[in-house]
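Q: I have a model open and want to learn how to read its helices and its chain contact. Where do we start?

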Amino acid sequence: MAVMRVNPNRMELMRLRGQLNVARRGHKLLKDKRDELMRQFISLIKRNQKLRLEVEKLLSEYNREMVLAHIVMPKQVIETALYSGYDNLILQAERKNLMSVQVPEYYVQDKTIIEDYVDEKASKRADIQNKSATDIPYGFSGVSGELDFAILILRKVLPIMIELATVEKTTQLLAGEIAKTRRRVNSLEHRMIPDLEDTIRSITMKMEENERANTTRLMKVKDLILEKEIYERRSRNEKLFWKD
Amino acid sequence: MHLVKVAVIGDIDSVIGFRGIGMTVVTTDDPLEAYRIIEELVKKQYGVIFVTEDLAEKNPAIIEDYKEKIEPAIILIPSSRSNEQFALRYLQEMVNKAIGIDLLKEDNNLT
């Protein structure tokens with residue numbers, strides 16, 4: 001119950017009525033938007049959870065393999081082996097519009113070669129491509145097979161991780177949008193619309209009150225005038241009567 | 001459409017292998033340093049950054065600050081040190097905040 005501080009006149013009433021109309025329409029639209037966002041969010045969340053569990057399972061497998069690799073090889077060998085590769089993984093990122101929320105979408109590119117390498121000689125580029133075809137980025141001498149298993153597991157998990165990145169980012173963005181929309185819906189529903197209704201009611205009531213006050217005043221004035229008239233006529237009649 | 005690079009941040013044992021599939025690996029044990037690294041990586045066109053969950057748990061700003069932005073996507077991965085499942089819990093919390101009920105928990109109970 002909060003009445004805004006406005007002048008109770010017809011102009012304000014019309015303005016507030018228009019505002020109430022807009023608020024009601026906006027509220028309905030936003031509610032629909034919220035419902036649809038939630039529907040999409042729920043399906044996304046389920047997929048997100050499934051992907052995450054899968055990634056965590058595979059990564060724990062990878063961790064196990066890494067532990068084995070650490071048993072058979074010194075740490076330095078593993079690190080040197082892995083650092084000999086290139087960090088050339090590049091993803092294609094696209095923007096998608098989901099319920100007017102901009103969400104990214106990532107794909108693994110076929111040729112995952114950094115632009116620096118593209119500038120170099122074509123033959124060298126072919127070399128790198130062949131290398132990536134063998135799946136293992138380091139030489140086999142001096143490196144034990146346990147590490148290969150770990151890397152192969154990572155290769156398997158990579159597409160899932162990329163999908164997880166897409167889905168999880170989308171869920172994060174959607175969650176933000178849902179929270180925003182919900183706040184808007186609630187503030188319209190519980191604050192703006194009741195306030196406007198109360199104000200409109202109070203203005204109408206005040207105006208009716210004024211109307212009534214005006215009517216009674218007019219009646220009163222009319223009575224006064226009539227009374228005066230009656231007195232005048234009566235005194236005139238009496239004068240005429242006594243004359244005769 | 002544009003191209004983005006992928007990075008992994010975490011303690012060396014958990015993330016070193018990602019180097020083997022072509023991701024950029026940055027090793028750190030310090031949650032605050034991890035945040036600085038992310039800031040730097042974002043400037044260098046990194047669009048997807050995987051962070052181990054123990055770092056994110058100790059420094060929530062890592063996720064929170066980039067949650068509303070389209071890029072980069074900060075994604076948590078389990079680390080070899082802890083199996084706290086912070087990422088799943090975080091997901092649950094996010095669902096809870098967004099729609100008011102814990103959908104995932106129900107699912108867990110059913111299965």
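**Helix packing and the chain contact**

A: This is a predicted model. In chain A, helix α1 (residues 10-72) packs against helix α5 (residues 145-243) at an angle of about 160 degrees, and their axes are 4 Å apart.

Q: How do I turn that angle into a relative direction for α1(A) and α5(A)?

A: Angles over 145 degrees count as roughly antiparallel. α1(A) and α5(A) are therefore roughly antiparallel to each other. The crossing of α1(A) past α5(A) is left-handed.

Q: Which classes of residue make up the contact of α1(A) with α5(A)?

A: A general point comes before the count. An α-helix has 3.6 residues a turn, so residues three or four places apart point the same way. Here the contact of α1(A) with α5(A) comprises 39 nonpolar, ten polar and 20 charged residues.

Q: What span should α5(A) have, given its number of residues?

A: Reckon 1.5 Å a residue: the 99 residues of α5(A) should span 147 Å, and the end C-alpha atoms are 144 Å apart, which agrees. α5(A) also has a bend of about 40 degrees, at L188(A).

Q: How many residues of chain A are in contact with chain B?

A: Chain A has 46 residues in contact with 37 residues of chain B. On the chain A side, α1, α2 (75-83), β1 (90-98), β2 (101-108) and α5 each supply at least two residues. α5(A) gives the most to that side, with 14 residues.

Q: And by class, what does the side of chain A that touches chain B have?

A: That side has 27 nonpolar, eleven polar and eight charged residues.

Terms used
Residues numbered from 1 in each chain as written. Chains lettered and ligands numbered in written order. Predicted model: local features only at pLDDT ≥ 70, side-chain atom pairs only at ≥ 80, totals over all residues. Axes fitted to C-alpha atoms, helices over the stretch in contact; angles between N-to-C directions. Parallel < 35°, antiparallel > 145°, perpendicular 65-115°, else oblique. Left-handed = near helix turned anticlockwise from the far one by under 90°. Nonpolar A, V, L, I, M, F, W, Y, C, P; charged D, E, K, R; others polar. Expected span 1.5 Å × (residues − 1). Bend = angle between axes of the 7 residues up to and from the residue. Contact = placed C-beta atoms within 7 Å.
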